[in-house]
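Me: I have a model open at my desk and would like a close look at a single part of it, namely one sheet and the residues that hold its middle strand in place between its neighbours. Please take me through it slowly, and then show me what lies around it.

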Amino acid sequence: MVDRAGNSIEDKVEVEILPIKTPEITFITKEIIKGSEDLLTIKGIAVADGSVIVTIKDHKDFLIAQNEANTDKNGEWEFRFDQELRNGTYFVTVTSKDSRGALSYPTDPVVVKYKDKPIIVLGYW
């Protein structure tokens, strides 16, 4: 921008927006037997006093569920998915969200399998 006297100023500013830290999954139920009392349970650590967004997709990348769980003052969180899914392979990712609404990158997908209860079990009693 130049004024009438020929003075100029630059107003170029570079801004880099970085995501918040990606959450850590410390526990996940990787195999659920249908008809049992097992639930998909996920625990981890993320941004303190925020939340995590848990996303479940099938093998065709179709969104099955997406829910939020709050983190405590230490960043610890736990999520339980109480719906029974069809037999198959699912992929779970978790994204952190802080109190301002800033998001992290999602975790790498973790594979979870839903299976029927076996009819015959061979082995030692």
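Reply: What follows begins with the three-stranded sheet, dwells on one residue of its middle strand, and then moves outward to the second sheet and two loops.

A word on confidence comes before the details. The model is a predicted one, and its chain averages a pLDDT of 90, with 95% of the residues scoring at least 70. Confidence is lowest in β2, where the mean is 93, and highest in β1, where it is 98.

The part to look at is an open sheet of three strands, arranged in the order β1-β3-β6 and paired in the antiparallel sense. Because β1, residues 24–28, and β6, residues 76–81, each have a single partner strand, they stand at the edges, and one side of each is left without a neighbour in the sheet. Neighbouring strands in this sheet are turned against each other by 25 degrees on average, with direction ignored. As a general point, the strands of a sheet pair through backbone hydrogen bonds, and they may do so in a parallel or an antiparallel way.

On one side of β3, which covers residues 40–45, four bridges join that strand to β1, and the two run antiparallel. Two of the pairs can be followed by name: Glu24 stands opposite Ile45 of β3, and Phe27 has Lys43 of β3 as its bridge partner. On the other side, β3 and β6 are joined over six bridges, again in the antiparallel sense. Here Ile45 has Glu76 of β6 as its bridge partner, while Lys43 is matched with Glu78 of β6. Ile45 can therefore be followed across the sheet, from Glu24 on one side to Glu76 in β6 on the other, and Lys43 likewise, from Phe27 to Glu78 in β6.

Ile45 repays a longer look. This residue belongs to strand β3, and with a relative accessibility of 39% it counts as partly exposed, because that value falls between the 20% and 50% limits. Setting aside its neighbours within four places in sequence, Ile45 is in contact with Pro23, Glu24, Thr26, Asn74, Gly75, Glu76 and Trp77; among these are its two bridge partners, Glu24 and Glu76. Tyr114, by contrast, is 69 residues from Ile45 in sequence and 25 Å away in space, taken from C-alpha to C-alpha.

The edge strand β6 shows an alternating pattern of side chains. Trp77, Phe79 and Phe81 point to one face and are buried, whereas Glu76, Glu78 and Arg80 point to the other face and are not buried. This follows a general rule, since in a regular strand the side chains alternate between the two faces of the sheet.

Beyond this part there is a second open sheet, made of five strands in the order β2-β8-β7-β4-β5, with mixed pairing. Its edge strands are β2, residues 31–33, and β5, each of which pairs on one side only. The twist from one strand to the next averages 25 degrees. Within this sheet, β4 and β5 pair antiparallel over seven bridges, and one of the pairs is Val54 with Asn67 of β5.

Strand β7, residues 88–97, contains Ser96, which counts as buried because its relative accessibility is 0%. Not counting residues up to four places away in sequence, Ser96 touches a list of residues that includes Thr22, Pro23, Ala46, Val47, Ser51 and Val52. Pro23 is also one of the contacts of Ile45, and that residue can serve as a landmark when moving between the two descriptions.

Two loop residues complete the picture. Asp49 is found in the loop between β3 and β4, the latter being residues 51–58, and has a positive phi of about 55 degrees although it is not a glycine. Asp61 lies in the loop between β4 and β5, the latter being residues 63–70, and its phi is near 65 degrees, also a positive value in a residue other than glycine. Asp49 is exposed, with a relative accessible area of 53%, and Asp61 is exposed as well, at 54%.

Technical notes
Residues are numbered from 1 along each chain as its sequence is written. This is a predicted model: local features need pLDDT of at least 70, side-chain atom pairs count only at pLDDT 80 or more; totals for chains, interfaces and linings use all residues. Side-chain values use heavy atoms; hydrogens and water are left out. Two strands pair if DSSP finds at least two bridges between them. Axes are lines fitted to C-alpha atoms, for helices over the stretch in contact, and angles run from 0 to 180 degrees between N-to-C directions. Buried means under 20% relative accessible area, exposed over 50%, partly exposed in between (1.4 Å probe, protein chains only). Contact means heavy atoms within 4.5 Å. pLDDT is the predictor's confidence in each residue, from 0 to 100.
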